[in-house]
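Reader: I would like to go through a few of the labels attached to this model and hear how each one is justified.

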Amino acid sequence: MEYYNYLKSLHLIFVITWFAGLFYIVRLFVYQIEAAQKPSPEKEILQKQYKIMTYRLWYIITWPSAVLASIFAFWMLFFTDLGRAWLQMPWMHVKLGFVFVLYLYHAKCHQIFKQLQNDEEKYSTNFMRLWNEGATIILFAVVFLVILKNAVNWIYGVIGIFLFSILIMLGFKFYKRIRERNQS
């Protein structure tokens, strides 16, 4: 059992750093898009700096964390008795569904990263601010699933995630109004 706890600890550490990278990379995307609207030479200076920052964050922290979190999760699930037992439980199937959505989110962030590295701005700063909340929703869902396990009533869980998403949207709209008012 002690062996399993080491795996779980390492998995948790890399999940935390993976999410930290996902949260910060999208914030850097916002700054990168805003920098493109600045006058020269400020625009070029900021864009160059943000490209360096996003590159380092993405390839030194976020990607390695995603890979290591996945390796330790796979190890726990398929090479320990407890992990194999959890694979039989419905809450784990739902959690793995959210993890799949997290991989899709990560892949989309990678696509946006590559576009911005090539000076292709396909999204607005408002889209990026909203996109940043996707990782938050996934994080909440996974943490509640892992902590509550089979005690979760799925109807209340789905309603809760839906209401949480609405609160995030309202907070985003409120923050956008404040930003617009301060710019005036």
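Reader: What makes Asp 119 partly exposed?

Author: In this predicted model, Asp 119 has a relative accessible area of 45%; buried means under 20%, exposed over 50%, and partly exposed in between, with a 1.4 Å probe and protein chains only, so Asp 119 counts as partly exposed. Asp 119 also has a positive phi of about 60 degrees although it is not a glycine, whereas most residues other than glycine have a negative phi.

Reader: Why does Trp 18 count as buried?

Author: Trp 18 counts as buried because its relative accessibility is 3%, set against the limit of under 20%. Tyr 103, at 39%, counts as partly exposed.

Reader: How do you know that Trp 18 and Tyr 103 form an aromatic pair, and what makes it tilted?

Author: Rings of Phe, Tyr and Trp (its six-membered ring) pair if their centres lie within 6.5 Å, and planes under 30 degrees apart count as stacked, over 60 as edge-to-face and the rest as tilted. For Trp 18 and Tyr 103 the centres are 5.7 Å apart with 35 degrees between the planes, which is tilted.

Reader: Why is the pair of Phe 127 and Trp 131 called stacked?

Author: The ring centres of Phe 127 and Trp 131 are 6.0 Å apart and their planes lie at 15 degrees, so the pair is stacked.

Reader: What do the numbers rest on?

Author: Residues are numbered from 1 along each chain as its sequence is written. Local features need pLDDT of at least 70, side-chain atom pairs count only at pLDDT 80 or more, and totals for chains, interfaces and linings use all residues, while side-chain values use heavy atoms, leaving out hydrogens and water.
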